[in-house]
Amino acid sequence: MKLATLKDSTRDGRLVVVSRDLTRCSEVGHIARTLQAALDDWLHVGPRLGRVAEGLEIGSQPSMRFHEHDAASPLPRAYQFADGSAYVNHVELVRKARGQDVPATLLTDPLMYQGGSDGFLGPRDPIAMADESWGIDLEGEIAVIVDDVPMGASVEQARGAIRLVMLLNDVSLRRLAKDELAKGFGFFQCKPASAFSPVAVSPDELGDAWKDGKLNLPLLVSINGKAFGKANAGQDMIFDFGQLVAHAAKIRKLAAGSIIGSGTVSNKGDGGPGKPISEGGAGYSCIVEQQTVEKLTSGAVKTPFLAFGDVIRIEMKDAHGHSIFGAIEQTVEKPEAK
């Protein structure tokens, strides 16, 4: 099952069921007006949405054309967004870029921060920044939406609570991060609004690609039409989504509709941190990784952060080359004058 939220005059948009090929959708306001409403009563609403999805595929369900540009993030706002950092290669490279040591518990205890969730960008909305000197970076990730998760949930319980899977662009302002973290109080200004894929997908829809709480497909990242990354999201992920969700629920229950991110998808290379696509590697899902590798190998950073006018794209395709979630495609722009 694939679900999306179409933009309308309300904050939370309206829920639609989307066809597997992302070309058509069905209105489901008679079942649930919004995705959050569906998640609040998933036991009853989920199967009804599933039957609409089946009808959409066989042509027995009324439908209309689905346009990704009309979509908000599946949850335009959420009760909670917590982002992990489950890829050891990313942690090591970013820490080197900041001149910080790698945590001693890196392989045993997930890193996680609580992000802003009162308003997400749509998948085709611009990344509006007042100053490009802040070090604007994309971060290509996978994210899940969970049902209610009890405090102290086991990893198995946490995996069972995963209802939907999405792609995520967790925008970062790298030049603000170092000073902010030096205060010892975590991220805030260096983490502006994130964007999610046009469509959220149920784990069963992913088939064999979804296994043991991991999505085993390449995450395709491009900048200005040039391939930048194709790291496999299931590879080098040291904590699966069950472990990440259980970590988030260790000391609190998670409300239905909470979003948990994987952290930047990142693959190691043979005996090293991985190579750019131009050198035959899997590339990267954020710019700071490539910059760090450039500095380690040549002593100088060559790749700039994003500038006004740059266009980023994040997508994932199935074994037949078809887009699964639709694409996050955003242009970096100055904010509109008020």
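Reader: In helix H5 (residues 174–182) of this predicted model, which residues are buried, and how wide an arc do they cover around the axis?

Author: Within this predicted model, the buried residues of helix H5, which runs over residues 174–182, are Arg174, Ala177, Glu180 and Leu181. Because the arc that these residues cover around the axis is so restricted, they lie on the same side of H5. The other side of the helix carries Arg175, Asp179 and Ala182, which are exposed. The arc covered by the buried residues is only 115°.

Reader: What covers the buried residues of H5, and which residue just after H5 takes a positive phi?

Author: The cover over the buried residues of H5 includes two helices, H3 (88–98) and H7, together with strand E9 (136–137) and strand E12 (172–173). Just after H5, a positive phi of about 75° is taken by Gly184.

Reader: Is Phe305 buried or exposed, and by what distance are its C-alpha atom and that of Glu132 separated?

Author: Phe305 lies in the loop between helix H7 (287–298) and strand E20 (311–315). Its relative accessible area is 12%, and since buried means under 20%, Phe305 is buried. Leaving aside residues up to four places away in sequence, Phe305 touches Arg174 and Arg175, and its other contacts include Ile136, Ile287 and Gln291. Although Phe305 and Glu132 are 173 residues apart along the chain, their C-alpha atoms are separated by 8.3 Å.

Reader: How many residues does the largest nonpolar core have, and which have the most contacts inside it; which helix gives the largest share?

Author: The largest nonpolar core has 70 residues, and those with the most contacts inside it are Ile142, Val144, Leu215, Met316 and Phe325. The largest share of this core, five residues, comes from helix H6 (residues 241–248).

Reader: What does Val144 touch, and how many residues are in the second, separate core?

Author: Not counting residues up to four places away in sequence, Val144 touches Ile162, Leu164, Val165, Trp210, Phe241, Val245, Ser258, Ile259 and Ile260. The second core, separate from the largest, includes Met1, Val17, Val45 and Ala78, and its residues number 30.

Reader: Which residues line the largest cavity, and what is its volume?

Author: The structure holds one cavity of 30 Å³ or more. The lining of the largest cavity is formed by Thr5, Asp12, Thr34, Leu35, Gln36, Pro74, Leu75, Pro76 and Arg77, and these residues divide into four nonpolar, three polar and two charged. The volume of the largest cavity is about 40 Å³.

How values were computed. Residues are numbered from 1 along each chain as its sequence is written. This is a predicted model: local features need pLDDT of at least 70, side-chain atom pairs count only at pLDDT 80 or more; totals for chains, interfaces and linings use all residues. Side-chain values use heavy atoms; hydrogens and water are left out. On a 1 Å grid over the protein atoms alone, a cavity is a set of points where a 1.4 Å probe fits but cannot get out, and a pocket is an open set with protein on both sides within 12 Å along at least five of seven lines; lining residues have an atom within 4 Å of a point. Grid points are joined across faces, edges and corners, and a volume is the space filled by probe spheres set on the points. Ala, Val, Leu, Ile, Met, Phe, Trp, Tyr, Cys and Pro count as nonpolar, Asp, Glu, Lys and Arg as charged, and the others, Gly among them, as polar. A nonpolar core is a set of buried Ala, Val, Leu, Ile, Met, Phe, Trp, Tyr and Cys residues joined through side-chain atoms within 4.5 Å. Buried means under 20% relative accessible area, exposed over 50%, partly exposed in between (1.4 Å probe, protein chains only). Helices (H or I, at least four residues) and strands (E, at least two) are DSSP runs, numbered from the N terminus. Contact means heavy atoms within 4.5 Å. The arc is that of the directions from the helix axis to the C-beta atoms.
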